[in-house]
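Student: Could we go through this sheet together? I'd like to see how each label is earned.

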Amino acid sequence: MKTSRLRVWTWVHLVYLVLPAFQPIFDPEAGAGDWVLVGVIIGGFLPMYAMSLLRPWQARWWLTVPATVLGVATILFNAGAAILFVYAAACAGLTETRRTALRWMGFLTALTLGFATVSTVPMPYLLWNVIPPVIFIWVIGLVQIAEAARARDHTELRMANARIEHLATVSERERIARDLHDLLGHSLTAVVMRAQLVKELVDLDPARARAEVLEIERTARDALAEVRATVSGWRQASLEAELDAARGALASAGVELHVTRDPDLELVGSTEHQLALAVREAITNVARHAGARECHVGIHAVDGELRVVVADDGVGGQGVDGNGLSGMRERIAALGGRVQRTGTEGTTVTIAVPLRVAT
């Protein structure tokens, strides 16, 4: 597993490349060939290092593997080349999984010690150039493994926060969409029905037509206020208010509303809000599609459930759920409840939520 960004050493850490030069500096028998070898080690490593910074997603092939190969090729003649194994271990610690990095570190340690046993470099230069790299392979490697783990944790946390923010945004959009559908569907249905009534009454009964126009204005103003409250998240619907509004809307469509409810039921505000919107959708469907003469709404506690039943004596039918019914099911499902619709002898919509959630 590779990190998306290679957070390795800064260029100042290249100072450790001075280690291969210790042998010709302190060995009185060193010649020009030893210095050429130092140049080969440093000059060969610098492009690897630069490319690993420029292309961190390919760091294994730009630094870890090539630096190991360069070290193997030169360590027999210059024990200071073991510093290349330290750079390889550090790169592996940052860019590989923990298990793979530890395997690399063990492999590099074995290479260093193995070549030390057959190296032509005299003592004590051999020890000076082998023991520190063996120590630093593990010290720096483990530090880089820990740094890589912190980077991965930070990345995962940032991604988790982004997902949470996205889900919260989607959830809020869905809430607003459901609320707008419910309240506008109901209000606009009432406006259309009253406008149709006004059209018929304007010549026959101007006084009543004027009253209906005032009612249309009131309904439109209420709808506007509810839209604003919905967008801001402050709206709290109540069953009582919805049933009062339903009575007027159904009366415009020539439907008589009958309500029965258990008098001692006291509902939790958040649950009542969702139930009120569900009732609004059910009543709107009655006004729009049922062609009914009567509508009955019952609110009762039955078998550990709060059940709200909206039944009409209209045309019935078993059509596919529209957006309104789908939104209703989503609302009630979020409360741990269910919505059942039957279309024989009119339409009956049963909304049930656990009593422990509702009261």
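Tutor: Here are some questions on the strands, their pairing and the helices packed on them. This is a predicted model, where local features need pLDDT of at least 70, side-chain atom pairs count only at pLDDT 80 or more, and totals for chains, interfaces and linings use all residues. Residues are numbered from 1 along each chain as its sequence is written, and side-chain values use heavy atoms, leaving out hydrogens and water.

Student: What makes β1 and β2 a pair?

Tutor: Strands are DSSP runs of E, at least two residues, numbered from the N terminus. Two of them pair if DSSP finds at least two bridges between them. β1 and β2 (residues 294-302) run parallel and have six bridges, so they count as paired. One example is T260, whose bridge partner in β2 is G298.

Student: And how do you know that β4 and β5 pair?

Tutor: Five bridges join them, in the antiparallel sense; Q340, for instance, stands opposite T350 in β5. They also form a hairpin with five residues between them, and E345 in the turn has a positive phi of about 55°.

Student: Why are β1 and β4 edge strands?

Tutor: The order is β1-β2-β3-β5-β4 in an open sheet with mixed pairing. β1 (256-261) and β4 (338-342) each have a single partner strand, so one side of each lacks a neighbour in the sheet.

Student: What makes β5 mostly covered?

Tutor: Buried means under 20% relative accessible area (1.4 Å probe, protein chains only). Six of the seven residues in β5 are buried, so "mostly covered" describes that count.

Note on methods:
Helices (H or I, at least four residues) and strands (E, at least two) are DSSP runs, numbered from the N terminus. Buried means under 20% relative accessible area, exposed over 50%, partly exposed in between (1.4 Å probe, protein chains only).
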